[in-house]
Amino acid sequence: MLALNETWYLVLAAMIFTIGSLGLLTRKNPLVMFMCVELMLNAVNLTFVTFSKALDDIAGQAIVFFVMVVAAAEVVVGLGIIVAIMRRRQSANADDVSLMRG
Amino acid sequence: MRVEMFTFLLTAAICLAGSAGVVLLRNPVHNALSLVATLFGVAVLFIQQGAYFLAAIQVIVYAGAIVILFLFVIMLLGVDRAEGFDRDPILGQRPAAIAVAVAILGLSLTALLSVGSRVTGQASTLAAIDGSEPNINALAKVLFTDYVFAFEITSVLLTVAVVGAVVLSRKAGPAIDLGEFPEGTTADLLEARHAAKTQRHEAEGDDSQGDDLEGDDPDDGDAEDETTQEALR
């Protein structure tokens with residue numbers, strides 16, 4: 001049986017990141033696009049934790065902590081923007097807000 | 001080792017299925033629930049690698065707060081109807097996206113698998129993970145010494161995010177009229193108002209005491225309520 005080493009985790013993180021980027025590029029609902037960004041952030045977090053264990057360095061986990069804080073702030077502001085846009089127009093489509101005016 | 005491998009494979013399957021669900025399912029509520037599956041899977045992988053504190057934070061903050069926020073917005077805006085995949089506003093957007101994704105995956109897999117199973121780089125000398133020390137202690141130590149400035153700036157970031165969310169979500173109303181607020185504390189004001197109301201009720205001989213408590217609020221800038229009600233409508 002193959003041994004479980006860091007490469008497994010890194011490959012899984014790369015797959016999750018790829019799926020997230022694919023969703024970000026193809027989906028049109030801004031909420032779902034945000035969820036795909038969260039997927040990509042999680043893949044990167046998994047990579048950080050894997051290297052933290054491989055290199056025996058707790059700093060990687062500290063970086064993951066900061067990434068989580070930034071993700072939370074980003075979601076709050078992003079959802080505020082989405083709510084403000086959708087109050088004005090009743091469509092859940094990112095292509096309709098390509099103009100920089102209301 | 002066998003148990004670890006089994007756990008990893010099961011969790012990886014859950015993660016991949018969840019992230020595929022985020023991308024492929026058409027209902028935003030189902031997308032959010034698939035995201036929860038992926039986040040829990042990542043939390044299990046954190047535990048497997050000894051990052052216990054981050055696993056807890058992952059479940060509490062991500063699954064408990066962020067996804068719930070997503071669900072709130074989805075249901076508040078009423079966008080939980082299915083999205084059509086048929087329209088493609090930019091010509092060839094989807095093939096291009098798939099090409100980009102395949103390129104990302106191919107490049108990263110090549111980079112990962114070509115070097116074998118060893119991780120290059122130097123082991124830590126400053127913040128080594130000591131087996132005798134609990135994970136949360138080690139993380140707190142490095143967070144409050146080496147990264148203390150980043151930690152403080154994080155609080156500024158969160159404050160800015162809160163202010164931004166409030167500014168973005170409030171409806172622009174008339175400015176607050178300062179003459180509307182008389183002198184004295186709020187308790188005095190409420191007491192005077194209540195006394196006036198009971199006096200009036202006694203004068204009228206009204207027996208409906210039940211709606212004393214909530215009626216007759218002045219409309220001074222209750223923007224949050226109005227917007228919520230408008231969104232619900």
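Helix axes are lines fitted to C-alpha atoms over the stretch in contact, and the angle between two of them runs from 0 to 180 degrees between N-to-C directions. The exercises below use this idea on a predicted model.

**Exercise 1. Describe how H2(B) and H3(B) pack, and decide whether they are roughly parallel or roughly antiparallel.**

Solution. Two packed helices are described by the angle between their axes and the distance between the axes. For H2(B) and H3(B), the angle is about 175° and the axes lie 9 Å apart. An angle over 145 degrees counts as roughly antiparallel, and therefore H2(B) and H3(B) are roughly antiparallel to each other.

The next step is to see which residues make this contact. H2(B) contributes residues including Pro28(B), Val29(B), Leu35(B), Phe40(B) and Ile47(B), while among those from H3(B) are Tyr52(B), Gln58(B), Tyr62(B), Phe70(B) and Ile74(B). Sorted by character, the residues of the contact of H2(B) with H3(B) comprise 21 nonpolar and 1 polar, with no charged residue.

Finally, consider H2(B) by itself: this helix has 21 residues and spans 30 Å from its first C-alpha to its last, which is close to the 30 Å expected at 1.5 Å a residue.

**Exercise 2. Locate Gly50(B) and state which residues it is in contact with, leaving aside its neighbours within four places in sequence.**

Solution. Begin with the position along the chain: Gly50(B) is in the loop between H2 and H3 of chain B, and just after H2(B) this glycine takes a positive phi of about 85°. Next, count the surroundings. A residue is buried if 20 or more other C-beta atoms lie within 10 Å of its own, and exposed if 12 or fewer do; because Gly50(B) has 18 C-beta neighbours inside 10 Å, it counts as partly exposed.

Once the neighbours within four places in sequence are left aside, Gly50(B) is in contact with Lys53(A) and Asn135(B), the former belonging to chain A and the latter to chain B. As a last step, compare sequence with space: Gly50(B) and Gly121(B) are 71 residues apart in sequence, and their C-alpha atoms are 20 Å apart.

**Exercise 3. Work out how chain A is built, and whether it is more spread out than a compact globule or not.**

Solution. Chain A has 3 helices and 0 strands, so that its pattern, read along the sequence, is α-α-α. The radius of gyration of chain A is 17 Å, which is well over the 13 Å given by the globule rule for 102 residues, and chain A is therefore more spread out than a compact globule. Along the principal axes, the C-alpha atoms of chain A fill a box of roughly 55 × 30 × 15 Å. Of the 102 residues in chain A, 50% are buried. Among the contacts in chain A with a separation of 6 or more, 45% join residues 24 or more positions apart.

**Exercise 4. Find where Asp56(A) lies and classify it as buried, partly exposed or exposed.**

Solution. Asp56(A) is part of the loop between helix H2 (30–54) and helix H3 (59–88) of chain A. The backbone here deserves a look, since Asp56(A) has a positive phi of about 60° although it is not a glycine. With 16 C-beta neighbours inside 10 Å, Asp56(A) counts as partly exposed.

**Exercise 5. Describe the side of chain B that touches chain A, and name the character of its residues.**

Solution. First, the contact involves 71 residues of chain B and 67 residues of chain A. Several helices of chain B each supply at least two residues of its side, among them helix H1 (2–24), helix H3 (52–77) and helix H6 (148–169). This side of chain B divides into 55 nonpolar, 12 polar and 4 charged residues.

A single helix pair then shows the contact in detail. H3(A) and H5(B) pack at an angle of about 75°, with 9 Å between their axes, and they are therefore roughly perpendicular to each other. Ala59(A), Gln61(A), Ala62(A) and Phe65(A) of H3(A) meet Leu139(B), Val142(B) and Leu143(B) of H5(B). The residues of this contact divide into 6 nonpolar and 1 polar, with no charged residue.

To close, place chain B as a whole: it has 8 helices and 0 strands, and 16% of its 233 residues count as buried.

Key. Residues are numbered from 1 along each chain as its sequence is written. Chains are lettered from A and ligands numbered from 1 in the order in which they are written. This is a predicted model: local features need pLDDT of at least 70, side-chain atom pairs count only at pLDDT 80 or more; totals for chains, interfaces and linings use all residues. Helices (H or I, at least four residues) and strands (E, at least two) are DSSP runs, numbered from the N terminus. Two residues are in contact if their C-beta atoms, placed from the backbone, lie within 7 Å. Ala, Val, Leu, Ile, Met, Phe, Trp, Tyr, Cys and Pro count as nonpolar, Asp, Glu, Lys and Arg as charged, and the others, Gly among them, as polar. The radius of gyration is taken over C-alpha atoms; the globule rule is 2.2 Å times the number of residues to the power 0.38. Angles under 35 degrees count as roughly parallel, over 145 as roughly antiparallel, 65 to 115 as roughly perpendicular and the rest as oblique. The expected span of a helix is 1.5 Å times one less than its number of residues.
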